[in-house]
Amino acid sequence: MIEISQLSFRYREGADPILKGIDLSIPDGAFVGVTGAAGSGKSTLTYAINGIIPHCYPGDFYGSVRVDGVDTCEASLTDISRLVGSVCQDIDSQMVSSVVEDEVLYGLENFGVPKTEIPARVDEALAAMGIAELRDRSIAELSGGQKQKVAVASVLALKPRVLVLDEPTAELDPASSVAVFDLLKRYSVEHGTTVIVVEQKIALLSEYVDTLVIVDEGEIRFCGTPHEVLEHSDKLLEIGVNCPRSTSLVNRLRARGLVCGPAVCTVEGAVCACEGLLSGKGACA
Ligand SMILES: Nc1ncnc2c1ncn2[C@@H]1O[C@H](COP(=O)(O)OP(=O)(O)OP(=O)(O)O)[C@@H](O)[C@H]1O
Ligand SMILES: [Mg+2]
């Protein structure tokens with residue numbers, strides 16, 4: 001369980017708080033998506049969960065963040081990283097080795113995983129990300145998308161209770177992005193791992209997550225199931241969040257009383273709503 005209570009944070013160099021009064025409870029095993037406009041504070045929110053703030057970026061920290069009951073201000077960064085595995089937005093800053101296999105090994109050795117377990121963990125993580133053939137490659141020679149996959153494989157190998165991934169598909173093509181979300185979802189269900197993903201592709205996010213969190217100027221503006229949040233497509237647009245076109249289309253039809261039912265997240269959902277409308281069953285009473 002992650003419990004964020006009245007969290008506010010101002011970077012030491014910054015004039016104003018970047019996070020303002022954040023309250024968020026995330027149950028074990030939840031799959032949570034975070035999105036919002038550029039600069040709204042999404043990465044800073046992930047830093048609060050993985051302990052980077054206040055441990056690496058000092059500043060004014062108010063409120064509390066607890067992961068499995070551990071207060072991230074009181075615990076050491078090493079202890080937090082045993083609970084929370086992170087993939088940063090800036091992948092290059094995260095890489096510590098020059099060869100792919102060593103990058104995955106590094107965390108396992110650092111965490112004191114028994115030597116006999118390590119080869120299987122490395123194989124499993126590389127295979128899960130579909131990058132077994134990159135094993136002996138130099139990281140400097142990989143594409144941005146390949147590096148992202150290495151970074152995700154490195155944290156998966158550690159089997160943390162919580163995974164925090166900051167835009168893990170930013171450099172990936174659409175098919176690879178879907179593959180990463182498929183993997184994360186499956187992984188979360190199989191291992192009971194809590195997954196928190198920051199992602200700009202809201203359509204993709206909405207298809208996978210249980211809870212969608214919209215951050216706006218350091219505050220949580222909306223938090224709920226994708227269907228609940230996407231009902232507010234006009235307000236979301238005002239704060240720089242572009243809903244899927246299927247959502248906006250159906251929301252406009254709903255606003256005109258032409259279709260009923262919840263907001264849709266997918267083209268398939270929009271097709272169903274339009275079929276209902278065309279067959280005369282969709283109109284609201
Ligand atoms: N280390 C830092 N010191 C001072 N200010 C910072 C620092 N890191 C981020 N900020 C500021 O905090 C604000 C929020 O940044 P953050 O990176 O959390 O936003 P974001 O929503 O992740 O943006 P993006 O979508 O571009 O990744 C920005 O105004 C940024 O300039
Ligand atoms: Mg960011």
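**Figure 1. Ser43 and the magnesium site.** Ser43 has a relative accessibility of 15% and is therefore buried, the limit for that class being under 20%. The model shown here and in the other views is predicted. Two protein donors face the magnesium ion (ligand 2), namely the OG atom of Ser43 and the OE1 atom of Gln89, at 2.0 to 2.2 Å from the ion. These two residues link distant parts of the chain, as 46 residues separate them: Ser43 belongs to helix H1, whereas Gln89 lies in the loop between S6 and H4. Unlike the buried Ser43, Gln89 is partly exposed, with a relative accessible area of 43%.

**Figure 2. The open sheet and helix H1.** Four strands, in the order S2-S1-S4-S5, make up an open sheet with antiparallel pairing. The edges are held by strand S2 (19-26) and strand S5 (70-71); each has a single partner strand, so one side of each lacks a neighbour in the sheet. In general, the strands of a sheet pair through backbone hydrogen bonds. Strand S1 (residues 2-11) and strand S4 (residues 59-67) run antiparallel and are joined by eight bridges. Within this pairing, Ile4 has Val65 of S4 as its bridge partner. Helix H1 (residues 42-50) lies across S1, S2 and S4, and runs at about 120° to S1.

**Figure 3. Aromatic rings around Phe9.** A pair of aromatic rings is described by the distance of the centres and the angle of the planes. The model contains six aromatic pairs. One of them joins Phe9 and Tyr11 in an edge-to-face arrangement, with 5.0 Å from centre to centre and 80° between the planes. Phe9 is buried, at 0% relative accessibility, and Tyr11 is also buried, with a relative accessible area of 18%. Phe9 and Phe61 form a further pair, whose ring centres are 6.3 Å apart and whose planes meet at 70°, so this pair is edge-to-face as well. That pair connects distant parts of the chain, with Phe9 in strand S1 and Phe61 in strand S4, 52 residues apart. Phe61 is buried, its relative accessible area being 16%. Ring pairs link Phe9, Tyr11, Tyr47, Tyr57 and Phe61 into a cluster.

**Figure 4. Strand S6 beside strand S7.** S6 and S7 run parallel and are joined by four bridges. Across this pairing, Ser86 stands opposite Val164 in S7. Val84 and Ser86 point one way from S6, while Gly85 and Val87 point the other way; all of these residues are buried.

**Figure 5. Helix H7 and its surroundings.** Helix H7 (residues 144-158) consists of 15 residues and spans 22 Å from its first C-alpha to its last, close to the expected 21 Å. Of its 15 residues, 12 are buried, so H7 is largely enclosed by the rest of the structure. Among the buried residues are Gly145, Lys147, Val150, Val155 and Leu156. The buried residues of H7 pack against two strands, S6 (84-87) and S7 (162-166), and against the helices H4 (91-94), H5 (100-110), H6 (118-128) and H8 (174-191). After H7 comes Lys159, which has a positive phi, near 50°.

Conventions
Residues numbered from 1 in each chain as written. Chains lettered and ligands numbered in written order. Predicted model: local features only at pLDDT ≥ 70, side-chain atom pairs only at ≥ 80, totals over all residues. Heavy atoms only, no water. Expected span 1.5 Å × (residues − 1). Buried < 20%, exposed > 50% of the residue type's maximum accessible area, 1.4 Å probe, protein only. Contact = heavy atoms within 4.5 Å. Pairing = 2+ DSSP bridges. Axes fitted to C-alpha atoms, helices over the stretch in contact; angles between N-to-C directions. Donors = N, O, S within 2.8 Å, 3.2 Å for Na, K, Ca; no water. Phe/Tyr/Trp six-rings, centres within 6.5 Å; stacked < 30°, edge-to-face > 60°.
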